[in-house]
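Here is a short tour for anyone who would like to know a structure before planning bench work around it. Please keep the 3D view open while you read.

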Amino acid sequence: MPIKNRLAEMQEEITAWRRDLHENPEILFETHRTSALVAEKLKEFGCDEIVTGLGRTGVVGVIKGKTNTSGKVLGLRADMDALPILEATGLDYASKTPGAMHACGHDGHTAMLLGAAKYLAETRNFDGTAVVIFQPAEEGGGGGKEMCDDGMMERFGIQEVYGMHNWPGMPVGSFGIRSGAFFAATDQFEIKVVGRGGHAAKPQQTIDPIVAASQVVTALQSIASRNADPVEQVVVSVTSFESSSTAFNVIPAHVTLRGTIRTMSKESRALAEERLKAIVPSAAAAFGAKAEIEWLPGYPAMVNTLEQTEFAAEVAKSVSGDCVEAAITMGGEDFAYMLEERPGAYILVGNGDSADVHNPEYNFNDEAIPAGCSWWAEIVEKRMPA
Ligand SMILES: [Zn+2]
Ligand SMILES: [Zn+2]
């Protein structure tokens, strides 16, 4: 297994960084300690340029190769944020902040990219420029989008972007990837069904929003089952049904529904939004109720480009011997915004038989570090050979 020797040597050091990050999780854009630590390390490694404050708390480091005849610039991205979860691992380096936890392994992602940055700054065995990107707020805040909106791609001349996520259930240090749509667009909606409240024993005097909202929930299921092309993935989930009364004998005045729609293409995303906006008022009106819709656009679908995916898979094979075709996931990923701006690829690295991400028992597997770091280093050295 051609793990780079230098990176294998560094595993203990990188593990120590990872555990320190794990102990000090920060949520969304509040990654102040993490960002400062990343910037300090990049400086210590001798990066040629370090820029902080992109996308509020994002950090970028520039590492120039021995030569730059290729003129190529690759962006390598890691996420730094934790989740609002109360940790239940019982680890001796468990979160010191109650209610915040690195339950998605972004501590591992940050540590691995730092490891690769240290190696690349030390060896510079490539012809071109590597730009390491550390973003905040992957978990719902759109930190990657904010870094793009701050002009990151243009400012550093980034031509291709690469990303990596650990994956529970895949053997430690093994890889999986797929070309095309990989992670879903994650739109959300809030619907207020407004009727007329009254006594539960006198329904004839009311417009019952419970009955109307129930029809709305049922009718929304026809988007995936009747409107979308059956070979396309579309998920419509109503996740909250909340009325304005908790009494047993009151018909409430209104009901609020919340939920999410997951799609894999621009077309099915637009179709789902259009159908929701048509179905909801009609279904409510059939029972005399009114409906107000708030559409909350989320991350777009994350789409890997073919050439970069094939290259990333080839590198993964050279690092760990194999790279499987990963299944589509209906989860969302903020790296989608970077892939909308530049060609690139996002890969999964096995976390072994661990609890799933976003579970209070989850922990990043430090045994994945040598494979993850080697993949990063080889992406740079093989894409821009010295
Ligand atoms: Zn996550
Ligand atoms: Zn994650």
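Is Cys 104 buried or exposed? Keep in mind that this is a predicted model. Cys 104 has a relative accessibility of 7%, so it counts as buried; the cut-off for that word is under 20%.

**The two zinc ions**

Cys 104 is a good place to start, since it bridges the zinc ion (ligand 1) and the zinc ion (ligand 2), which lie 3.1 Å apart. The table sets the two sites side by side.

| Metal | Protein donors | Distance to the metal | Spacing in sequence |
|---|---|---|---|
| zinc ion (ligand 1) | Cys 104 (SG), Glu 139 (OE), His 358 (NE2) | 2.0 to 2.2 Å | C-x34-E-x218-H |
| zinc ion (ligand 2) | Cys 104 (SG), His 106 (NE2), His 165 (NE2) | 2.1 to 2.3 Å | C-x1-H-x58-H |

Around the zinc ion (ligand 1), distant parts of the chain are linked: Cys 104 belongs to the loop between S3 and H4, while Glu 139 sits 35 residues away in the loop between S4 and helix H5 (143-149). Glu 139 has a relative accessibility of 19% and therefore counts as buried. For His 106, a donor to the zinc ion (ligand 2), the value is 0%, so this residue is buried too.

**The eight-stranded sheet**

Which order do the strands of the 8-stranded open sheet follow? Tracing across, you pass S1-S2-S4-S3-S5-S16-S6-S15, with mixed pairing. Strand S1 (49-54) and strand S15 (323-325) are at the edges; each has a single partner strand, so one side of each is left without a neighbour in the sheet. From one strand to the next, the twist averages 25°.

At the S15 edge, strand S6 (residues 175-177) runs parallel to S15 and is joined to it by 3 bridges. One pairing you can pick out is Gly 176 in S6 with Val 324, its bridge partner in S15.

Two helices that pack on this sheet are worth finding. Helix H3 (residues 32-45) touches S1, strand S2 (58-64) and strand S4 (129-135), and its direction makes about 10° with that of S2. Helix H4 (residues 106-123) touches S2, strand S3 (73-79), S4, strand S5 (160-167) and strand S16 (344-350); here the angle with the direction of S3 is about 145°.

**The four-stranded sheet**

Another open sheet has 4 strands in the order S10-S12-S8-S13, and its pairing is antiparallel. Its edge strands, S10 (234-243) and S13 (290-296), each pair on one side only. Neighbouring strands are turned by 20° against each other on average, with direction ignored.

Inside this sheet, strand S8 (residues 185-194) and strand S12 (residues 254-263) run antiparallel and are joined by 10 bridges. Look for Glu 190, which stands opposite Arg 258 in S12.

Helices lie across this sheet as well. Helix H7 (residues 209-227) crosses S8, S10 and S12 and runs at about 170° to S10. Helix H8 (residues 266-285) lies across S8, S10, S12 and S13, at about 160° to S13.

**Nonpolar cores**

In soluble globular proteins, nonpolar side chains tend to be buried together. The largest nonpolar core of this model holds 57 residues, of which Leu 42, Phe 134 and Trp 375 touch the most other members. The element that gives the most to this core is H4, with 9 residues.

What is Trp 375 in contact with, leaving aside its neighbours within four places in sequence? The list is Tyr 162, Gly 163, Met 164, Phe 175, Ala 312, Val 315, Ala 316, Val 319 and Ile 347. A second, separate core has 25 residues, including Met 147, Phe 156, Phe 182 and Phe 183.

**Cysteines and disulfides**

How many disulfides does a search of the whole structure find? The count is 0. Take Cys 323: the closest cysteine sulfur, in Cys 373, is 17 Å from its own, too far for a bond. Cys 373 is in no disulfide either, and the nearest cysteine sulfur to it, that of Cys 47, is 14 Å away. With a relative accessibility of 10%, Cys 323 counts as buried, and so does Cys 373, at 1%.

Terms used
Residues are numbered from 1 along each chain as its sequence is written. Chains are lettered from A and ligands numbered from 1 in the order in which they are written. This is a predicted model: local features need pLDDT of at least 70, side-chain atom pairs count only at pLDDT 80 or more; totals for chains, interfaces and linings use all residues. Side-chain values use heavy atoms; hydrogens and water are left out. Donors are N, O and S atoms within 2.8 Å of the metal (3.2 Å for Na, K and Ca); water is not among the atoms, so sites may look incomplete. Buried means under 20% relative accessible area, exposed over 50%, partly exposed in between (1.4 Å probe, protein chains only). Two strands pair if DSSP finds at least two bridges between them. Axes are lines fitted to C-alpha atoms, for helices over the stretch in contact, and angles run from 0 to 180 degrees between N-to-C directions. Contact means heavy atoms within 4.5 Å. A disulfide is a pair of cysteine sulfur atoms within 2.5 Å. A nonpolar core is a set of buried Ala, Val, Leu, Ile, Met, Phe, Trp, Tyr and Cys residues joined through side-chain atoms within 4.5 Å.
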